[in-house]
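Open the model in your viewer and keep the selection panel at hand. The stops below are given in the order in which to select them.

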Amino acid sequence: MKLLKYVMTSDTGLAPNPYFDICSLALCTPNHMNARLRPGDWVVGHSCKATGNHLIYAMRLTKVLDMDRYFREYPQKRPVLNGEPEQRYGDNLYFREGAHWRRVPSPGHNSVDSFAQDRGKLVFLAEGSGNFWYFGAASSMPESLAFADRFPGLILRRQGFKYVYDVETIEKFVHWLESIGTRGRFGDPRDKEPDNHRHYLTAIEPQHVWQEACGEASPESLAIAEADHVGANHTRQTESRGCGTPSPRQYAEMRTASGTCGSR
């Protein structure tokens with residue numbers, strides 16, 4: 001058993017994604033840096049020094065899987081552009097189509113650089129409210145605020161992540177978490193992703209493909225047509241219909257990253 005600790009500079013509900021009774025980490029620093037984790041290990045995300053190193057969340061991993069399998073088996077985690085907050089910021093974006101990765105429309109990580117960085121990474125899950133504690137970056141709970149003073153060894157002072165292998169320290173932390181009496185998601189994300197995108201990136205190979213956000217719902221949209229044949233567990237969702245490929249000038253305007261994790 002080990003614990004991974006890292007600093008969160010943004011808290012939008014995308015990474016981690018604490019909804020549908022599953023805390024998932026698919027699009028952030030530990031994934032991008034190829035963290036080596038397995039079921040039974042812990043991930044802890046806290047705020048930066050300027051905001052007091054408050055505890056934002058902790059998760060005990062129950063499953064580690066690849067992105068394509070995640071897409072097939074957890075349709076509730078896929079983004080729905082016009083859905084509720086827990087649907088709009090779903091982190092289940094990427095799936096394979098032949099030799100290439102594809103992406104369903106989402107306001108999160110809507111850039112070529114993010115697509116290239118995200119695809120093909122491992123996804124970490126804590127299934128069931130008994131395996132994660134999500135406070136949120138704006139939490140005023142005493143436990144979140146007291147985290148840094150109580151567990152200074154679980155604070156990271158730099159970007160990236162670091163493993164903690166001391167079993168006694170981890171067990172004390174777990175005992176403290178379980179004594180809180182509240183589990184699962186009991187806070188809300190502090191930040192918001194920009195949701196006024198005019199186009200959504202859906203592919204970068206063999207060429208960049210941008211889907212225009214026209215506001216016309218259609219089951220024949222690019223995202224649905226690609227996703228429908230991926231797996232039998234697909235839950236049909238309605239997305240905005242693709243309306244064309246942007247001009248080079250429009251593409252230059254659109255190619256702005258909406259980073260979620262900060263520490264990369």
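How exposed is E73, by relative accessible area? E73 is partly exposed, with a value of 34%. Keep in mind throughout that this is a predicted model.

**Stop 1: helix α2**

Select residues 67–73, which make up helix α2. Show the side chains of R69 and E73: the two form a salt bridge, and their closest N and O atoms are 2.9 Å apart. R69 and E73 are four residues apart in the helix, so about one helical turn separates them. R69, like its partner, should be checked for exposure; its relative accessible area is 35%, which makes R69 partly exposed.

**Stop 2: the start of the chain**

Next select K2 and D41. These residues also form a salt bridge, with 3.0 Å between the closest N and O atoms. Here the link is between distant parts of the chain, as the partners are 39 residues apart. K2 belongs to the segment before β1 (3–7), while D41 sits in the loop between α1 (29–32) and β3 (42–46). Are D41 and K2 buried or exposed? Both are buried.

**Stop 3: the loop between β1 and β2**

Move on to the loop that runs from β1 to β2 (22–25), where P16 is located. Display the backbone from A15 to P16: the peptide bond joining them is cis, with omega at about 5 degrees. F20 is in this loop between β1 and β2 as well. Though not a glycine, F20 has a positive phi, about 60 degrees. The relative accessibility of F20 is 35%, so F20 counts as partly exposed.

**Stop 4: H109**

Which residue in the loop between β7 (100–103) and α4 (112–118) should be selected now? Select H109, which is found there. Its phi is positive, about 55 degrees, although H109 is not a glycine. H109 has a relative accessible area of 0%; because buried means under 20%, H109 counts as buried.

**Stop 5: E205 and P206**

Go to the loop between β12 (199–203) and β13 (209–212), where P206 lies. The peptide bond from E205 to P206 is cis, and its omega is near 0 degrees.

**Stop 6: R190 and D191**

Select R190 together with D191. They form a salt bridge whose closest N and O atoms are 2.8 Å apart. R190 is partly exposed, at 37% relative accessibility. D191 is partly exposed too, at 23%. For the structure as a whole, a search finds nine salt bridges.

**Stop 7: the largest pocket**

Keep D191 selected, since D191 is also one of the residues lining the largest pocket. Rolling a probe the size of a water molecule over the atoms shows where empty space is left. What is the volume of the largest pocket? The value is about 190 Å³. To show the lining, add T12, Y19, P85, R88, Y89, R185, D188, P189, K192, E193 and D195 to D191. Colour the selection by class: the lining has seven charged residues, four nonpolar and one polar.

Definitions and conventions: Residues are numbered from 1 along each chain as its sequence is written. This is a predicted model: local features need pLDDT of at least 70, side-chain atom pairs count only at pLDDT 80 or more; totals for chains, interfaces and linings use all residues. Side-chain values use heavy atoms; hydrogens and water are left out. A salt bridge is a side-chain nitrogen of Lys or Arg within 4 Å of a carboxyl oxygen of Asp or Glu. Helices (H or I, at least four residues) and strands (E, at least two) are DSSP runs, numbered from the N terminus. Buried means under 20% relative accessible area, exposed over 50%, partly exposed in between (1.4 Å probe, protein chains only). On a 1 Å grid over the protein atoms alone, a cavity is a set of points where a 1.4 Å probe fits but cannot get out, and a pocket is an open set with protein on both sides within 12 Å along at least five of seven lines; lining residues have an atom within 4 Å of a point. Grid points are joined across faces, edges and corners, and a volume is the space filled by probe spheres set on the points. Ala, Val, Leu, Ile, Met, Phe, Trp, Tyr, Cys and Pro count as nonpolar, Asp, Glu, Lys and Arg as charged, and the others, Gly among them, as polar.
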